[in-house]
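These notebook entries record what I looked up in one structure. I begin with a single residue and widen the view from there.

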Amino acid sequence: MFEMREIIDANEKSRICGAILRALPDWFGVEDSIVDYVNQVPSMPFFAVYDGETVAGFTAVKVHNPHTAEVCVMGVLNPYHRRGIGKMLVACCEKFCRERNMDFLTVKTLDASRDWPPYEKTRNFYLSVGFKPLEVFPLLWDECNPCLFMAKYVGGDKQ
């Protein structure tokens, strides 16, 4: 049985983030990028899914404003893919937003114009949990890595 835990300790956030991202070279193969995430996550809300005492996956939420938060970084170890961990993490992010009366959850990922099969799986995952593609930013990261900006409405029936 998987268990969701909020991680408060800054060092533990960085440790989990670094270990999981380094175990996913098809998605996170640039060490500078991993170090950047490791340095960002201590100040963010951070959630991890455990299988016993093994961390199976994690996510860090970046709050942009009172209306919007972002799945800043998320990683699920390969043996746990397609076992519901990613869905649990996204649901946790949605709950985080709703508890704060936020309306939108966003995510940035690699656009399909850059042919990379692991990211096709990533885009399909985000589509499957209700994210919609909004815009491509071809130079946000660099010209070899066009950014697809996706969003999901997570608010209630506000008027």
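**Entry 1: Trp141.** I worked from a predicted model. I first asked whether Trp141 is buried, partly exposed or exposed. Its relative accessibility is 40%, so I entered Trp141 as partly exposed; the class lies between the limits of 20% and 50%. I located Trp141 in strand β6. Leaving out residues up to four places away in sequence, I listed the contacts of Trp141 as Lys108, Thr109, Leu110, Pro146 and Cys147. I also looked up Glu12, which is 129 residues from Trp141 along the chain; the C-alpha atoms of the two are separated by 27 Å.

**Entry 2: the partner of β6.** I next followed β6 to β7, which covers residues 145–153; the two strands run antiparallel and are joined by six bridges. As one of the pairings, I noted Glu135 with Phe149 in β7. β6 and β7 make a hairpin, and two residues lie between them.

**Entry 3: the largest pocket.** I then turned to open space in the model. For the largest pocket I recorded a volume of about 1400 Å³. Which residues lie nearest its centre? I found Trp27, Phe28, Thr109, Tyr119 and Thr122 there, out of a lining of 44 residues. Thr109 had already appeared in my notes as a contact of Trp141. Elements that give two or more residues to this lining are α2 (31–40), β3 (54–65), β4 (68–76), α3 (85–99), β5 (104–110), α4 (117–128) and β6 (132–142). I sorted the lining residues into 20 nonpolar, 13 polar and eleven charged.

**Entry 4: helix α1.** I checked the length of α1, which holds residues 10–22. With 13 residues at 1.5 Å a residue, α1 should span 18 Å, and its end C-alpha atoms are indeed 18 Å apart, so the two values agree. I marked Lys13, Ser14, Ile16, Cys17, Gly18, Ile20 and Leu21 of α1 as buried. These buried residues pack against α2, β2 (46–51), β3 and β4.

**Entry 5: two positive phi angles.** Arg82 is not a glycine, yet I read a positive phi of about 65 degrees for it. Arg82 sits in the loop between β4 and α3. I entered Arg82 as exposed because its relative accessible area is 87%. Asn101, also not a glycine, has a positive phi of about 60 degrees. I placed Asn101 in the loop between α3 and β5. With a relative accessibility of 51%, Asn101 counts as exposed, the limit being over 50%.

How values were computed: Residues are numbered from 1 along each chain as its sequence is written. This is a predicted model: local features need pLDDT of at least 70, side-chain atom pairs count only at pLDDT 80 or more; totals for chains, interfaces and linings use all residues. Side-chain values use heavy atoms; hydrogens and water are left out. On a 1 Å grid over the protein atoms alone, a cavity is a set of points where a 1.4 Å probe fits but cannot get out, and a pocket is an open set with protein on both sides within 12 Å along at least five of seven lines; lining residues have an atom within 4 Å of a point. Grid points are joined across faces, edges and corners, and a volume is the space filled by probe spheres set on the points. Helices (H or I, at least four residues) and strands (E, at least two) are DSSP runs, numbered from the N terminus. Ala, Val, Leu, Ile, Met, Phe, Trp, Tyr, Cys and Pro count as nonpolar, Asp, Glu, Lys and Arg as charged, and the others, Gly among them, as polar. Two strands pair if DSSP finds at least two bridges between them. The expected span of a helix is 1.5 Å times one less than its number of residues. Buried means under 20% relative accessible area, exposed over 50%, partly exposed in between (1.4 Å probe, protein chains only). Contact means heavy atoms within 4.5 Å.
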